Amino acid sequence: MIAAALAPGAIPSPPEEFARFSLGPLTIHAYALCILLGIIAALWLTLRRWKARGGQSDVIWDVAIWAIPFGIIGGRLYHVFSSPDAYFGPNYDGTGDPIKILYIWNGGLGIWGAIALGALGAWIGTRRAGVRLSAFADAAAPGVLLAQAIGRWGNWFNQELFGSATTLPWGLKIDPSSPNFPAGYPADTLFHPTFLYESLWSLAGVAVLLLVDRRFKLRFGALVWLYVVIYTAGRTWIEAMRIDEAQMITISGITARLNVWTSLIVFVLALLIFLFCLIRSRRMKGEDFMYLPGRAPAGESVQDGVEEAAAPAKESGATAGADATPAEKAAPASPEAKASPKSSEAEEESPYPTADDVASPAEEAKVAEAPKQD
């Protein structure tokens, strides 16, 4: 009874004026605002985590100016590759409109391309900043997943990327006049809100990453690969529910969307790499996980989020008083100690005989009278 009452308006789609509006000559798209809000949230969380680990805040901006543009371009290229019909026509027959590739405000950013090319941009930025890519990725992983959770709401505003028909009370209502409304369905059909499923899954993943990192302090890339494991585990079943046009791939007689196969393959690889990173982090325990060798700020080393002053270089031969008490360290050296710096070592043997080396006549007589042993 309750489900039936709620179903007609369970999750309504936003009106057209919410999806886009004008400010003078500019047209603002809600999809773009969701992406921008996600980026801001990711930068905020990454900055907090980076500073908590002892990193310098300037590094975040140095890496972001490379990673963000690369990620947007990569996400768009992957979307075009996985859904080419709108841009090149079915089977690349030339009936599409390639100029629409530039219309990213209409939706269409593939996460796999965003991660791949964004990682390349982050690698360039971290190399220039002198920090380890793994350290930056571990700090940024929860923020990236938070950005995905926020960005998915752009699909709601665009009425796109929903799932199959459903009678569940939280079904999503799509405007029948929308170009994304699937043909052959009644106008009152409700669809699975896959954008909401992925958003909630991602938020839960953010909480898991933060709790695991606080408990186990994962380093050297372990946390970012755990992020990939969590995300792909959810993306596999969520992607399988979608009914929008996509590239279909057949493997071993099983036909599925390209993103389903991609999620499965990446999940297995990420799980293996995550286990490898756990083993590697144990072997590298005690090493600087933040900075590249020789690139740490002068006089500082970072271990587990604590900045420590680097120990001053020890002078050659100045190890004798390391365990001395404060009173002993403060006491001045005696003149005898200054005159004989090697007093603790055996004196050099003199080439001339001493009185101890020459036997007295009485001792020689005793030796002569001693009976000889057979």
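Two strands count as paired when DSSP finds at least two bridges between them. With that in hand, here's a quick tour of this structure, which is a predicted model.

**A small sheet**

Let's start with β3 and strand β5 (residues 190-191), which pair in the antiparallel sense over 2 bridges. One of the residues involved is A165, whose bridge partner in β5 is F191. Zoom out a little and you get an open sheet of 3 strands, ordered β3-β5-β4, with antiparallel pairing. β3 and β4 sit at the edges with a single partner strand each, so one side of each has no neighbour in the sheet. As for what holds such things together, strands of a sheet pair through backbone hydrogen bonds.

Here are the three strands of that sheet:

| Strand | Residues |
|---|---|
| β3 | 165-166 |
| β4 | 172-173 |
| β5 | 190-191 |

**A nonpolar patch on the surface**

Now for the outside. F21, L23, L26, L33, L36 and I40 make up a nonpolar surface patch, and together they have about 570 Å² of accessible area. At least two of the patch residues come from β1 (20-23), and the same goes for α3 (30-52). The most generous contributor is α3, with 3 residues. L26, meanwhile, belongs to strand β2 (residues 26-29). Its relative accessibility is 53%, and because the cut-off for exposed is over 50%, L26 counts as exposed.

**A kinked helix**

Helix α7 (residues 133-151) has a kink of about 45 degrees at A140, shortly before the proline P142. Of the 19 residues of α7, 16 are buried, so this helix is largely enclosed by the rest of the structure.

How values were computed:
Residues are numbered from 1 along each chain as its sequence is written. This is a predicted model: local features need pLDDT of at least 70, side-chain atom pairs count only at pLDDT 80 or more; totals for chains, interfaces and linings use all residues. Side-chain values use heavy atoms; hydrogens and water are left out. Patches are made of residues with over 30% relative accessible area and no salt bridge: like charges are joined within 9 Å, nonpolar side chains (Val, Leu, Ile, Met, Phe, Trp, Tyr) within 5 Å. Accessible areas come from the Shrake-Rupley method with a 1.4 Å probe; for residues, only the protein chains shown count as cover. A salt bridge is a side-chain nitrogen of Lys or Arg within 4 Å of a carboxyl oxygen of Asp or Glu. Helices (H or I, at least four residues) and strands (E, at least two) are DSSP runs, numbered from the N terminus. Buried means under 20% relative accessible area, exposed over 50%, partly exposed in between (1.4 Å probe, protein chains only). The bend at a residue is the angle between axes fitted to the seven residues ending there and the seven starting there.
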